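Q: Please take a close look at a single part of this model, then work outward from there. I'd like the contacts as well as the burial, and how the rest of the chain is laid out.

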Amino acid sequence: MRKIAILTSGGDAPGMNAVIRAATLKGIKAGCKIYGIKRGYQGLITGEIEELTVETVSDILHRGGTILHSARSKDFKTGEGQKKALEQIEKLGIDGIVVIGGDGSFRGAQILNQLGVATVGVPATIDNDIGCTDFSIGFDTALNTVLDAISKIRDTAVSHDRVYVVEVMGKNSGFIALYAGLGGGADAVLIPEIPPDLDQLVKRIEENDQRGRGHSIVIVAEGLFGGPSGGQVLAEGTAFKVATYINLRTRKDTRITILGHLQRGGSPSALDRTLGTRFGAVAVDLLLAGETNKMVGWVKNEIKVSTMDEAIARKNQIDPELYQLVENLSSV
Ligand code: F6P
């Protein structure tokens, strides 16, 4: 294994640069040539590939986003696109690829693996929905961003005795919403994994009012009502639907805040930097050891290597007891 490439794919996540840096330095230290593939699988198809050096990855650890840029590639889903990608890999003599991203990225890695290219995945998505790892890179930073936002929203909610419905990302998972509710002290958390009880929500808001607490904070995951969520207009106004219902039933002044892509940016947290660094180094170790179709994860406070197939098949599941704890603490 003398030439290793790295790509980032799907929604970017704070901490991706920590993975890129560690994988590059680890590979160079082992005598490899390291290449960066720009814009995910699309850049692989078009040959946007450049060598990564110690200088390239200096001073990037603290930066959000990805220096390799990211993209979603429809072309790579086609046989023609995969053929072009393989030609690029063979032209450069690349022996293995570190794929940094979420489930869609890993499905691309599986295709490369089937084409004979060694691939190792690093889970990096703020959604935290990848199986076989307790944390995906980016989730912790996104959570801190949401908690900071909730603190700010709480100030104005208290001042105006208002209900705020805060919509967070997560595609079809409720991890960001649930942990934000736990850490932010929300009055209610609505997530796709649990059927929403809007009447119970209205009751809780009215009970707050009766106790002289005129404000409430409700966190909703963008994929609450299913369908093509995705942080864009396609989410069909999840927060808007919930806020309208609350306002109609309680007649309380209700506002919505959609945090959107704020959750994808920012300097990575300590956890995302340290975990990202470890993941990047282990991914290169696995390729150097001749492994493929594997994913580096973090399970019960230690590194755990799984097969890519397992990671894709098993989504990271919400802990129902954690949801119940949030529910219990917000209904005292
Ligand atoms: O998968 C990460 C994510 O941020 C989701 O939480 C969100 O629904 C989606 O990406 C947004 O996609 P885009 O960046 O293409 O708008």
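**Ile67 and its surroundings**

A: Skipping neighbours within four places in sequence, Ile67 is in contact with Asn17, Ile20, Lys38, Thr56 and Ile60. Keep in mind that this is a predicted model. Ile67 sits in the loop that runs between β3 (49–52) and α3 (79–92). Is this residue buried or exposed? Ile67 counts as buried because its relative accessible area of 17% is under the 20% cut-off. For a sense of the fold around it, take the partner Asn17: 50 residues separate Ile67 and Asn17 along the chain, yet their C-alpha atoms are 6.6 Å apart.

Now step back into the strand before that loop. Leu52 belongs to strand β3, and Leu52 is buried, with a relative accessible area of 2%. Its contacts, again leaving out residues within four places in sequence, are Ile6, Ile20, Thr24, Ile28, Ile34, Tyr35, Gly36 and Leu68. Ile20 turns up here, and Ile20 is on the Ile67 contact list too. If you want a distance to check in your viewer, try Leu52 to Ile37: the C-alpha atoms are 9.5 Å apart, with the two positions 15 residues apart in sequence numbering.

On the other side of the loop comes helix α3, and Gln88 is found there. Where does this polar-looking name end up, buried or exposed? Gln88 is buried, since its relative accessible area is 14%, under the 20% limit. Beyond four places in sequence, Gln88 touches Leu44, Ile45, Thr46, Gly47 and Ile49.

Zoom out and you get two domains: domain 1 takes in 3–137 plus 268–313, and domain 2 takes in 141–264. Their C-alpha centres lie 33 Å apart. At the junction, 11 residues of domain 1 are in contact with 11 residues of domain 2. About 980 Å² is buried between domain 1 and domain 2, with carbon and sulfur atoms giving 49% of that area.

Next, a look at Asp127, in the loop between β5 (118–123) and α5 (139–160). Asp127 counts as buried at 8% relative accessibility. Apart from neighbours within four places in sequence, Asp127 is in contact with Gly170, Lys171, Ser173 and Phe175. One of those partners, Lys171, lies in the loop between β6 (163–168) and α6 (175–184). Lys171 counts as partly exposed, at 33% relative accessibility. The backbone deserves a glance as well: Lys171 has a positive phi near 55°, and this residue is not a glycine. Most residues other than glycine have a negative phi. Met169 shares the loop between β6 and α6, but Met169 is buried, at 5% relative accessible area. From Met169 to Lys84 the C-alpha separation is 34 Å, across 85 residues of chain.

Asn301 shows another positive phi, about 65°, without being a glycine. You'll find Asn301 in the loop between β10 (294–299) and β11 (302–307). Unlike the buried examples, Asn301 counts as exposed because 64% relative accessibility is over the 50% mark.

For a busier contact list, try Asp187, in the loop between α6 and β7 (188–190). Asp187 is buried at 6% relative accessibility. With residues up to four places away left out, Asp187 touches Arg204, Asn208, Arg213, His215, Ser216, Ile217 and Ser330. The C-alpha atoms of Asp187 and Asn208 are 9.1 Å apart, and the two positions lie 21 residues apart along the chain.

Finally, some empty space. The second largest pocket holds about 160 Å³. Which residues line the second largest pocket? The lining is made up of Gly131, Cys132, Thr133, Asp134, Val299, Lys300, Lys304, Arg314, Lys315 and Asn316. Sorted by class, that lining has five charged, three polar and two nonpolar residues.

Methods: Residues numbered from 1 in each chain as written. Predicted model: local features only at pLDDT ≥ 70, side-chain atom pairs only at ≥ 80, totals over all residues. Heavy atoms only, no water. 1 Å grid on protein atoms, 1.4 Å probe; cavity = no way out; pocket = protein on both sides within 12 Å on 5 of 7 lines; lining within 4 Å. Points joined across faces, edges and corners; volume = space filled by probe spheres on them. Nonpolar A, V, L, I, M, F, W, Y, C, P; charged D, E, K, R; others polar. Helix = DSSP H or I, 4+ residues; strand = E, 2+ residues; numbered from the N terminus. Buried < 20%, exposed > 50% of the residue type's maximum accessible area, 1.4 Å probe, protein only. Contact = heavy atoms within 4.5 Å. Domains from an automatic or database assignment. Buried area = accessible area lost by both parts, 1.4 Å probe.
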